[in-house]
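Hi,

Here is the structure I said I would pass on. Have a look at it first, and my notes on what turned up follow below.

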Amino acid sequence: MYKTLISLRELADNYTRPNWVLVDCHFQLDDPDVGREAYLRAHIPGAFYAHLDRDLSGPIIPGKTGRHPLPAISVLAETLSHWGIDKDTQVVAYDNRGGAIAVRLWWMLKWLGHHAVAVLDGGFNDWQQAGHPVDEELPQPNQKIFSPQPQPEMIATVDEIETIKEHPDKLLIDSRAPERYRGEVEPLDSIAGHIPGAVNHFFKHNLGPDEKMITVTELKENFSSLIGDTQPNNVIFYCGSGVTSAHNVLAMAHAGLGFARIYPGSWSEWITDPNHEICIVDE
């Protein structure tokens, strides 16, 4: 069972197994159709396509939700069943962005109680460059029954985030780029800044120049210095819309430091309430 990352070689040796399901998560925030177009041109044989907006997110409610609200559990379970995922399935998610989108599916499956899910380290680009097979053929669904077992303890609600500064035993971590955290720029949301009390750990710091995860030793050093003696279930990550924050959860788990939580609504939900305080770093 692969629970965090899987290497190119490990996937190449196993991806044709009947109880394995691959999911291509190519996506580009500024052009939502690019990912599916890339998938249709070439993907790992047998892989299904997961669209971040349509398959891995629920409907946006203006003024109430963030950009990528969690879908209804029943709807997500139908999608997973259509892809042929049940309790005995090993799932592998991949993208072409260092796992930045694939982690969404990884986290969502964990949230629904499915542990046998991993992200391809290096992603599709490395797979293709290594000479492993790709094709354009769309897979035939092998309908199964996915029975969700929700894990609500994996989620931090907005009510909890509102009082985070009153709980020194909890640590809120912003997973966005430092300049977004500081409020210098905001390319996606209408307001810049960060949630009061949050510190910053950009998810891309988990990756090397080759967009593969850095070593377990490096991850342990980075996160240990960041979280100190905070218990893993009291570490809460957020980002712009609840997607890339899962990369930090994955990195911590891969390093053996436990399973942190996510505030799914993240910054794009936080700013929908005019009563919420906003912090900007004034250097």
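Let me start with strand S4, which is mostly covered: 5 of its 5 residues are buried. Gln90, Val92 and Tyr94 point one way from S4, Val91 and Ala93 point the other way, and all are buried. Before you read too much into any of this, bear in mind that the model is predicted.

S4 has two pairings to look at. With S2 it pairs in the parallel sense, over 5 bridges, and there Tyr94 in S4 is the bridge partner of Asp24. With S5 the pairing of S4 is again in the parallel sense, this time over 3 bridges, and Val92 stands opposite Ala118 in S5. As general background, the strands of a sheet pair through backbone hydrogen bonds, either parallel or antiparallel.

S4 also brings us to helix H4 (residues 102–111), since what covers the buried residues of H4 includes strand S4 (90–94). Also on that list are strand S2 (20–24), helix H3 (73–82), strand S5 (117–120), H9 and S9. How many of the residues of H4 are buried? The count is 10 of the 10, so H4 is largely enclosed by the rest of the structure. If you want to click through them, the buried residues include Arg104 and Lys110 as well as Trp106, Trp107 and Trp111. Just after H4, Gly113 takes a positive phi of about 85°.

Next, the packing of H4 on H9. The two helices pack at an angle of about 65°, with their axes 8 Å apart. That angle makes H4 roughly perpendicular to H9, and their crossing is left-handed. On the H4 side the contact is made by Val103, Trp106 and Trp107, and on the H9 side by Ala246, His247, Val249 and Leu250. By class, the residues of this contact divide into 6 nonpolar, 1 polar and no charged.

H9 (residues 245–254) has a second helix to deal with, namely H8 (residues 216–227): the axes of H8 and H9 come within 9 Å and cross at roughly 115°. H8 and H9 are therefore roughly perpendicular to each other, and the crossing is left-handed. Which residues meet there? From H8 they are Val216, Leu219, Phe223 and Ile227, and from H9 they are Asn248, Ala251, Met252 and His254. The contact of H8 with H9 has 6 nonpolar, 2 polar and no charged residues.

Now for the other sheet I looked at. It is an open one of 4 strands in the order S7-S6-S8-S9, with parallel pairing. Its edge strands are S7 (199–200) and S9 (261–262), each of which pairs on one side only. Within the sheet, S6 (residues 171–174) and S8 (residues 235–238) pair in the parallel sense over 4 bridges, and Leu171 stands opposite Val235 in S8. H8 packs on this sheet, touching S6, S7 and S8, and the direction of H8 makes about 125° with that of S6.

The loop between S7 and H8 has a couple of residues to check. His201 is found in that loop, and at 8% relative accessibility it counts as buried. Leaving aside neighbours within four places in sequence, His201 is in contact with Ile173, Asp174, Ser175, Asn206, Phe223, Leu226 and Asn248. Two of these names came up above: Phe223 and Asn248 are among the residues where H8 and H9 meet.

Glu211 is found in the loop between S7 and H8 too. Its phi is near 65°, a positive value in a residue other than glycine. Is Glu211 buried or exposed? Glu211 counts as partly exposed, because its relative accessibility is 33%.

One more backbone oddity to finish on. Ser266 has a positive phi of about 55° although it is not a glycine. Ser266 sits in helix H10 (residues 266–270), and Ser266 is buried, with a relative accessible area of 0%.

Cheers

Notes: Residues are numbered from 1 along each chain as its sequence is written. This is a predicted model: local features need pLDDT of at least 70, side-chain atom pairs count only at pLDDT 80 or more; totals for chains, interfaces and linings use all residues. Side-chain values use heavy atoms; hydrogens and water are left out. Axes are lines fitted to C-alpha atoms, for helices over the stretch in contact, and angles run from 0 to 180 degrees between N-to-C directions. Angles under 35 degrees count as roughly parallel, over 145 as roughly antiparallel, 65 to 115 as roughly perpendicular and the rest as oblique. A crossing is left-handed if the near helix is turned anticlockwise from the far one by less than a right angle, and right-handed if clockwise. Contact means heavy atoms within 4.5 Å. Ala, Val, Leu, Ile, Met, Phe, Trp, Tyr, Cys and Pro count as nonpolar, Asp, Glu, Lys and Arg as charged, and the others, Gly among them, as polar. Two strands pair if DSSP finds at least two bridges between them. Buried means under 20% relative accessible area, exposed over 50%, partly exposed in between (1.4 Å probe, protein chains only).
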